[in-house]
Amino acid sequence: MVLGQNFRCGFYEVSANERLKQIKRAGFDAVMFWWGDEFEATDGNRYDLINSAFKEGLSVNTLHFPSLHADYLWREETTKAYAEQLVAAIQDCAKYRVENLVVHTTRYLITPPYNQTGLDTMGRAVQVAEREGVNIALENTRFPDYNKFIYSNIESPRLKLCYDTGHEHCYTPKRDILGEFGDKLVTTHIHDNCGKEDDHHVMGEGNINFAPIFKRLRELNLKYYNTECYCNETSRYYGKISLEQFLKISYDTLRNAVENSSCGG
Ligand SMILES: [Zn+2]
C-alpha cells in the first residue's frame with residue numbers, strides 16, 4: 001500500500017521544498033501534483049517540483065491534468081488543442097514514470113452533451129496512453145454519466161478510474177461509483193465533507209462514513225491511497241494549526257483507515 005498526499009494542501013506561505021520535506025516527514029510515501037501551470041508563480045515550475053519530490057524520497061503515482069477547461073473535450077472548436085495538451089501530459093507521465101493521469105470529464109456545471117467529438121479525442125489520448133504505458137484515470141465529479149459514456153464506448157486496459165470520496169458524497173450520494181466503475185479503480189482522491197459542499201477537508205472533518213469505503217477499496221486491491229485534502233478557509237483547522245500538525249492529522253487518519261480496513265475480514 002502506498003499512502004500519498006496532494007502537494008497543494010494549504011500553507012502556501014511555506015516554501016515548496018519545505019512543504020515536500022514535511023509531507024515526507026509526516027510519513028507519506030507519495031505526493032500528487034497538479035500538472036498545469038496555474039500555480040507555478042507561487043510553487044515553481046512543475047518539472048522542478050517533481051524532481052524535488054524524488055530527491056526528498058517521495059514517489060509520484062498520480063498527476064492531475066488541469067480541469068479548468070474539461071468541457072473543451074466535447075467541443076468541436078477546442079477539442080484538438082485539448083487533445084494535444086492531454087497527449088503532452090501523458091508523455092510527461094511516461095517520462096517521469098508516473099502511472100496515472102487524472103482527468104475530469106466535465107467542468108463545474110458546464111456540460112456540453114457528450115458526443116462523438118469527445119470520444120474521438122479521448123480515443124486518441126487512450127491510444128497514446130497504451131503506447132506509453134500510462135493510465136488515464138477518469139475522476140468522478142458531478143456527472144458520472146460522462147465517464148460512463150466514455151467507458152462504454154472506449155475499450156482499453158489503460159482507461160481507468162480515480163475514485164473521489166468527497167465528490168461522491170456531496171454530488172452523487174445516490175450513485176455507487178465503486179459499484180459502477182470499481183473494476184477500473186487505480187487511484188484515489190480521499191477527502192471529507194458534510195454532504196453539502198465539496199470542501200476537500202481532511203478525513204474526520206466531515207460526515208463521510210469511511211470504514212465501509214476503505215473495506216471496499218481493499219477488496220478492490222487498491223494500491224494507491226492518496227488524500228486530496230486542504231487546510232482551506234472552510235476548515236476548522238484553518239489558521240489554527242501548522243502544516244506539520246495538519247499533515248500529521250492527514251497521515252494518521254488515512255493510515256488508521258487503511259489499517260482498520262483489514263480488521264474483521
Ligand atoms: Zn478529486
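A residue is called exposed here when its relative accessible area is over 50%, buried when that value is under 20%, and partly exposed in between. With that scale in hand, Tyr 108 is a good place to start: its relative accessibility is 52%, so Tyr 108 counts as exposed. The model you are looking at is predicted, and everything below describes that model.

Stay with Tyr 108 for a moment. To find Tyr 108 in the structure, go to the loop that runs between β4 (100-103) and α5 (116-132). Together with Leu 68 and Leu 109, Tyr 108 makes up a nonpolar patch on the surface. The accessible area of these three residues together is about 340 Å².

Now step back to the whole protein. The chain is built from 10 helices and 8 strands. Its radius of gyration is 18 Å, close to the 18 Å expected from the globule rule for 265 residues, so the protein is as compact as a globular protein of that length. Measuring along the principal axes is a handy way to picture the outline: the C-alpha trace spans about 50 × 40 × 30 Å. On the inside, 54% of the 265 residues count as buried. On the outside, the accessible surface comes to about 12000 Å², and carbon and sulfur atoms account for 48% of that area. How do the contacts spread along the sequence? Taking contacts between residues at least 6 apart in sequence, 75% join residues that are at least 24 apart.

Charged pairs give us some concrete examples to visit. Side chains of opposite charge can pair when their charged atoms come close. How many salt bridges does the model contain? The count comes to 12. One of them links Arg 19 and Asp 43, with a distance of 2.8 Å from N to O. Arg 19 sits in helix α1 and Asp 43 in helix α2 (residues 40-43), so this pair ties together parts of the protein that are 24 residues apart in sequence. Are the two partners buried or exposed? Arg 19 is buried, because its relative accessibility is 1%. Asp 43 is buried too, with a relative accessible area of 7%.

Helix α2 also holds one end of another pair worth a look. Glu 40 meets Arg 46 in a salt bridge, at 3.0 Å from N to O. Glu 40 has a relative accessible area of 22%, so this residue is partly exposed. Arg 46, at 17% relative accessibility, counts as buried. Elsewhere in the chain, Arg 175 and Glu 180 form a salt bridge in which the closest N and O atoms are 2.7 Å apart. Both are partly exposed, Glu 180 at 32% relative accessibility and Arg 175 at 23%. Some salt bridges share partners, and in this way Arg 8, Arg 19 and Asp 43 are joined into one network.

Helix α1 (residues 16-26) has another residue to show us, Asn 17. Asn 17 is partly exposed, with a relative accessible area of 38%. Its side chain makes a polar contact of 3.5 Å with the side chain of Ser 52. These two residues are 35 places apart along the chain, yet their C-alpha atoms are separated by 7.0 Å.

Next, turn to Asp 71, in the loop between β3 (62-64) and α4 (79-95). With a relative accessible area of 6%, Asp 71 is buried. Which residues does Asp 71 touch, setting aside those up to four places away in sequence? They are Arg 107, Ile 110 and Pro 112.

Our last stop is His 167, which belongs to helix α7 (residues 165-171). His 167 is buried, because its relative accessible area is 5%. The side chain of His 167 makes a polar contact with the side chain of Glu 139, at 3.3 Å. Leaving aside neighbours within four places in sequence, the residues in contact with His 167 are Glu 139, Asn 140, Thr 141, Thr 172, His 191, Asp 198 and His 200.

How values were computed. Residues numbered from 1 in each chain as written. Predicted model: local features only at pLDDT ≥ 70, side-chain atom pairs only at ≥ 80, totals over all residues. Heavy atoms only, no water. Patch = residues over 30% accessible without salt bridge, like charges linked within 9 Å, V, L, I, M, F, W, Y side chains within 5 Å. Areas by Shrake-Rupley, 256 points an atom, 1.4 Å probe, with all protein chains shown as cover. Salt bridge = Lys/Arg side-chain N within 4 Å of Asp/Glu carboxyl O. Helix = DSSP H or I, 4+ residues; strand = E, 2+ residues; numbered from the N terminus. Buried < 20%, exposed > 50% of the residue type's maximum accessible area, 1.4 Å probe, protein only. Polar contact = N/O pair within 3.5 Å; in protein donor to acceptor, adjacent residues only side chain to side chain. Contact = heavy atoms within 4.5 Å. Rg over C-alpha atoms; globule rule 2.2 N^0.38 Å.
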